[in-house]
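Please open the structure in a viewer and keep the selection panel at hand. The stops below are to be taken in order.

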Amino acid sequence: MRARSVVRVCGRPSLGGVPNVLVIGFDPHTIPGFDPAPVAAGIEEGSRAFAELGLAEDLFLIDFAELDGRAQAKLVEKLKSRRYDVVVVGGGIRKGPGLLELFQFVVNLVHWHQPDAALAFNDRPGDSPDWVLKALEQRRS
């Protein structure tokens, strides 16, 4: 499986239009020695919540085998493809052992290619919508 992008336009539009959200994380099916079921279920839970909130979710899942630069190049293409109101960097990228350099690179790519987007970070895949709402509220403040 390769880095993949899934666009889900969800729910009802808000008065100011539907906020575009990019969620960046690992494809749990590509992590060696890892049970993908809980994370995959969390991603689906988050997608349902985005739909209920009327947010447009664009999901970018990184293939763990493409950390040699291929995934990063695909992420740059994704970040250049449209404007995002919020970009979520998933906990797996942020918390995984030995992934600090990747986390820093992902945050910088977002900063360079989506300078107007708010940043959000989740604790688990299912709570991404909560953190997006907080980021949108912080932006309005």
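Select isoleucine 93 together with its contacts: beyond four places in sequence, this residue touches Ile24, Gly25, Phe26, Ile62, Leu99, Leu102 and Phe103. The model is a predicted one. Isoleucine 93 belongs to helix α3, residues 91–95, and is buried, with a relative accessible area of 1%. Add valine 106, which lies 13 residues away along the chain; the two C-alpha atoms are separated by 8.7 Å.

Next, select strand β4, residues 86–89. Val86 and Val88 point one way and Val87 and Val89 the other, yet all are buried. Extend the selection to strand β2, residues 20–26, which runs parallel to β4 and is joined to it by four bridges. Within this pairing, valine 23 stands opposite valine 88. Now add strand β5, residues 118–121: four bridges join β4 to β5, and these strands also run parallel. Here valine 86 stands opposite alanine 118.

Finally, turn to helix α1, residues 37–53. From first C-alpha to last, its 17 residues reach 24 Å, close to the 24 Å expected at 1.5 Å a residue. Colour Gly42, Ile43, Gly46, Ser47, Ala49 and Phe50, the buried residues of α1. Viewed down the helix axis, the buried residues of α1 fall within an arc of 165°, so they line one face of the helix. An α-helix has 3.6 residues a turn, so residues three or four places apart point the same way. On the other side of α1, Pro38 and Glu52 are exposed. End at glycine 54, which follows α1 and has a positive phi, near 75°.

Technical notes:
Residues are numbered from 1 along each chain as its sequence is written. This is a predicted model: local features need pLDDT of at least 70, side-chain atom pairs count only at pLDDT 80 or more; totals for chains, interfaces and linings use all residues. Side-chain values use heavy atoms; hydrogens and water are left out. Helices (H or I, at least four residues) and strands (E, at least two) are DSSP runs, numbered from the N terminus. Buried means under 20% relative accessible area, exposed over 50%, partly exposed in between (1.4 Å probe, protein chains only). Contact means heavy atoms within 4.5 Å. The expected span of a helix is 1.5 Å times one less than its number of residues. The arc is that of the directions from the helix axis to the C-beta atoms. Two strands pair if DSSP finds at least two bridges between them.
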